[in-house]
Amino acid sequence: MSADGAVWKPLVYTGASAYNTWTGTTVGFTLAQPVPKLWIRLAPTGTERAYGLNFDDIRLTTGGGGQQVDLGTGAGLRWAELPSNFETPSSDQFVHTTWTTTVSGGKRVRNYTYCYDKRRHNPVWVAYPHHRCYLEGSGRSDEPWAADPALPETQQAKIYPSSAGDVYQYWVADLVTGRYGSGYWSRGHLCMSRERPGKGLEINMQTFRPTNIAPQAAEPSPFGKIWGNIEEAISGGAIPADTLYIVAGCYYENDGWVQKDASNNGALSSLSKDCVMPTHQFKMAVRKKTVQVGKPIQECTADELETIAFWVETLTTSAATEKSQLGQFIVPISEIESKMRMKFFPGIPDAAKSRAGTLSAWY
């Protein structure tokens, strides 16, 4: 349940004991305080989530009693990492939150939220929290590329095999070879696989979906080295003692940057379609300067927050591939807000977003 469609509180209920069996279920609840609107989301939370759930004949009646739910409407806080358009994306965009379970703690948490461009067939942004609870597992899954089940396959880039032996799972690389003479489009995680370790587990496998993947030029392009340094600066160090909030995404300055998906070494398949490639990519993060567990980041002053943001051309020719040169790509979050025409981390002070972060505070 939710009072704003962003922050959710669970209700405990027991469904059918066997798959494909209908069972009547009653869930009683009482709100700790009234709310003007009430969101109810039905989602499987048992051990067989892969099967999904069927619901029918849903009724909401009055009566009181049951579980008491405090939706925390007094504070009015939302997930700190969600950009301003998560509730009202454009008609070409789709916003969705992917949920998962921590490896050893068994805690049900959001994995990441994304905004996907259904016309360009590439992501706009991916926003996610990072915390030690996401690092309970180890290892990377064995290339579990797959379509995102929340979106029709015709609306997402086919960069995954549709069946065993299907080799048509890449973009053609005309733009890359035209700039560098050789190379290809690599599938770049926005929420990183190593930020969600767990070989063969849901928490890691979910990061291999097109909705979390940006096309990034491979060598001889310097982009990979630069982006790797950015990832290392933001979350590649010590396990965070407090929550780190991250947004990564794509900027489309030229809709003529079109490449076909569902290809193999330039050969197209019957499923190939136009994908608009990003001209720039960005990654940004916010955290508290000192650990204050339990204090919402939205209640922190600008001086209590550490911010950093990076902006890179997708087909860059920059030679600044050393970690020490990463400062050349740092910009204020407010600059990216202006380019993207949306607010990032809208709950934190503008003063924290208008200053450029310092590399020494993160590396």
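Modeller: In a DSSP assignment, helices are runs of H or I with at least four residues, and strands are runs of E with at least two, both numbered from the N terminus. With those names, Arg 209 falls in the loop between α2 (202–205) and β7 (213–217). This is a predicted model, in which local features need pLDDT of at least 70 and side-chain atom pairs count only at pLDDT 80 or more, while totals for chains, interfaces and linings use all residues. Residues are numbered from 1 along each chain as its sequence is written, and side-chain values use heavy atoms, with hydrogens and water left out.

Biologist: What makes Asp 166 buried?

Modeller: Its relative accessible area is 14%. Buried means under 20%, exposed means over 50%, and partly exposed lies in between (1.4 Å probe, protein chains only). So Asp 166 counts as buried.

Biologist: And what is the side chain of Asp 166 joined to by a salt bridge?

Modeller: Lys 158, at 2.8 Å from N to O. A salt bridge needs a side-chain nitrogen of Lys or Arg within 4 Å of a carboxyl oxygen of Asp or Glu. The value fits, so the pair qualifies. Lys 158 has 3% relative accessibility, so Lys 158 is buried too.

Biologist: How many salt bridges does the structure hold?

Modeller: The count is 17. One of the pairs is Asp 92 with Arg 119, whose closest N and O atoms are 3.4 Å apart. Asp 92 sits in the loop between β2 (67–69) and β3 (93–101), and Arg 119 in the loop between β4 (108–117) and β5 (122–130), so the pair ties together parts 27 residues apart in sequence.

Biologist: Why are Asp 92 and Arg 119 called partly exposed?

Modeller: Asp 92 has 30% relative accessibility. Arg 119 has 39%. Both values fall between the two cut-offs, so both residues are partly exposed.

Biologist: What makes Asp 255 and Arg 120 a salt bridge?

Modeller: Their closest N and O atoms are 2.9 Å apart. That is inside the limit, so the pair counts. This bridge links distant parts of the chain, 135 residues apart: Asp 255 is in the loop between β8 (244–251) and β9 (258–260), and Arg 120 is in the loop between β4 and β5. Asp 255, at 34%, is partly exposed. Arg 120, at 15%, is buried. Both belong to a salt-bridge network that also takes in Asp 92, Asp 117 and Arg 119.

Biologist: Why does Arg 209 have no salt bridge?

Modeller: The nearest side chain of opposite charge is Asp 148, 4.2 Å away. Here Lys and Arg count as positive, Asp and Glu as negative, and His and the chain ends are not counted. The distance is over the salt-bridge limit, so no bridge is assigned. Arg 209 is nevertheless buried. Beyond its neighbours within four places in sequence, Arg 209 has contacts (heavy atoms within 4.5 Å) that include Thr 98, Tyr 112 and Asp 148.

Biologist: How many aromatic pairs are there by the ring rule?

Modeller: There are 8. Among them, Phe 223 and Trp 227 have ring centres 5.6 Å apart and planes at 15°. Rings of Phe, Tyr and Trp (its six-membered ring) pair if their centres lie within 6.5 Å; planes under 30 degrees apart are stacked, over 60 edge-to-face, and the rest tilted. Both values pass, so this pair is stacked. Phe 223 and Trp 227 are 4 residues apart in helix α3 (residues 223–235), which means about one helical turn separates them. Both are buried.

Biologist: What sits over the ring of Trp 145?

Modeller: The charged end of Arg 187, 4.0 Å from the ring centre. The rule asks for NZ of Lys or CZ of Arg within 6 Å of the centre and within 35 degrees of the ring normal. Arg 287 likewise lies over the face of Trp 362, at 3.9 Å from the ring centre.

Biologist: How do you know how many disulfides there are?

Modeller: A search of the whole structure finds 0. For Cys 275, the nearest cysteine sulfur, in Cys 250, is 12 Å away. A disulfide needs two cysteine sulfur atoms within 2.5 Å, so Cys 275 is in none. The sulfur of Cys 300 is 19 Å from that of Cys 133, its closest, which is too far for a bond. Cys 275 is buried at 0%, and Cys 300 at 3%.
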